[in-house]
Amino acid sequence: MTKYVVKRILLMFLTLFVIMTICFILIKLLPLPLIKSINKDVALQAKKYEQRGYYKPIMVQYYNFWKNVLTSWDWGMGEQLYTDRAVWPVMMQKLPYTVLVNLYSILIAIPLGLIFGIYAALKKNKWQDNVISTLVMVFTSVPSYVYAFLVQYFLCFKLKWFNPVVLSQDQAPLMSWKMFMSMVPAVLSLGFGVVAGLTRYTRAELSEVLTGDYMLLARTKGLTKRQAISRHAMRNAMVVILPMIIGEFIGILGGSLIIEKIFAIPGIGNVFVDSIAVKDYNFFMAETFFYTFIGLASGILTDISYGFIDPRIRMGSKK
């Protein structure tokens with residue numbers, strides 16, 4: 001198990017390095033953007049570029065980039081966004097909004113997904129299962145930004161139950177009821193897909209478990225249907241379902257770029273989209289590192305969790 005974990009971590013950092021290298025080279029091939037704080041003074045622009053090393057060979061720039069990151073965790077200064085402010089502190093300031101809105105959506109979506117999935121499995125091939133399966137297919141197929149527009153239109157503009165955008169910290173404290181209510185439309189938009197995916201996954205796993213021979217044996221030994229499901233079926237189904245839930249919790253830092261943009265959530269996803277639009281190299285590289293690392297780490301921890309949930313599973317074993 002230890003050998004497997006070490007191998008996966010090393011492969012994760014190798015993958016991260018390759019992705020960062022490709023992104024750095026591609027972003028540096030783009031034309032240099034105008035530095036926002038200097039307006040259109042060409043001479044000052046050129047002088048500032050030279051000071052920041054933009055005219056040096058690309059491999060020298062790449063070496064300096066990693067040197068600054070690894071020695072002092074310096075991701076540079078904002079050039080188009082948050083001009084002349086350090087990139088990483090700005091991202092950490094925005095992170096709580098991203099974490100909070102995604103945490104709310106997962107805490108609401110996971111119980112609902114489990115309930116609907118279990119109910120559909122118990123009512124397999126009946127009309128209840130058909131209705132849930134059809135809705136799951138619809139909600140899984142439709143992108144989250146479509147839900148966002150529908151939620152904004154009906155709940156915010158027609159019914160006027162919620163604000164169309166999330167409040168800023170100047171308008172309401174981050175951990176307040178007023179802030180939570182402003183996040184509800186974004187939470188609903190994110191939650192639809194999670195509920196649908198978890199419902200489908202739970203139904204498939206539990207349906208397979210319920211047809212196992214040991215379930216028939218449990219019933220013949222005198223257990224009621226409810227006892228057999230709670231003691232045997234659910235325990236075996238959760239071996240596969242729980243890692244998926246763990247992966248969802250780990251991935252909350254990643255958030256949703258489009259949802260944050262639609263609801264004007266002042267999180268890191270919104271900053272990432274803006275950094276691409278205005279070509280802020282430093283913010284783009286820092287955000288790329290952040291999202292890539294979270295995605296890779298989520299996959300590794302999800303795989304490792306199988307071994308902890310079920311000791312019979314030995315990751316990387318040859319026998």
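Here are a few exercises on a predicted model, each with a worked solution.

**Exercise 1. How many helices and strands are in the protein, and what percentage of its residues count as buried?**

Let's start with the overall fold. The count comes to 12 helices and zero strands, and reading from the N terminus on, the elements go α-α-α-α-α-α-α-α-α-α-α-α. Next, burial: out of 319 residues, 45% are classed as buried. The outside comes to about 17,900 Å² of exposed area, with carbon and sulfur atoms supplying 67% of it. Finally, take the contacts between residues at least 6 apart in sequence: 70% of them join residues at least 24 apart.

**Exercise 2. Work out what span helix 3 should have, and check it against the ends of the helix.**

Step one: helix 3 covers residues 58-72, which is 15 residues. Step two: the expected span is 1.5 Å times one less than the number of residues, so helix 3 should span 21 Å. Step three: the end C-alpha atoms are 21 Å apart, and that agrees. Just past the helix, Trp73 has a positive phi of about 50°.

**Exercise 3. Which residues of helix 3 are buried, and which are exposed on the other side?**

Buried means under 20% relative accessible area. In helix 3, Gln61, Tyr62, Phe65, Trp66 and Val69 pass that test. Viewed down the helix axis, these buried residues fall within an arc of 130°, so they line one face. The general rule behind this kind of pattern: an α-helix has 3.6 residues a turn, so residues three or four places apart point the same way. On the other side of helix 3 you'll find Met59, Tyr63 and Thr71, which are exposed.

**Exercise 4. Where does the largest nonpolar core lie, and which helix gives the most to it?**

First, its size: this core has 31 residues, and those with the most contacts inside it are Met20, Phe65, Trp75, Met91, Phe283, Met285 and Phe290. Second, its suppliers: helix 1 (2-28), helix 3, helix 4 (87-122), helix 11 (268-278) and helix 12 (281-309) each bring at least two residues. Helix 12 gives the most, with nine. Third, its place: domain 1 (2-72) and domain 2 (90-309) both contribute residues, so the core lies between them.

Now zoom in on Met285. Leaving out residues up to four places away in sequence, Met285 touches Met20, Cys23, Phe24, Ile27, Phe65 and Trp75. Apart from this core there's another one, of 18 residues, including Tyr97, Leu100, Val166 and Met179.

Methods
Residues numbered from 1 in each chain as written. Predicted model: local features only at pLDDT ≥ 70, side-chain atom pairs only at ≥ 80, totals over all residues. Heavy atoms only, no water. Helix = DSSP H or I, 4+ residues; strand = E, 2+ residues; numbered from the N terminus. Buried < 20%, exposed > 50% of the residue type's maximum accessible area, 1.4 Å probe, protein only. Arc of directions from axis to C-beta. Core = buried A, V, L, I, M, F, W, Y, C linked by side-chain atoms within 4.5 Å. Domains from an automatic or database assignment. Contact = heavy atoms within 4.5 Å. Areas by Shrake-Rupley, 256 points an atom, 1.4 Å probe, with all protein chains shown as cover.
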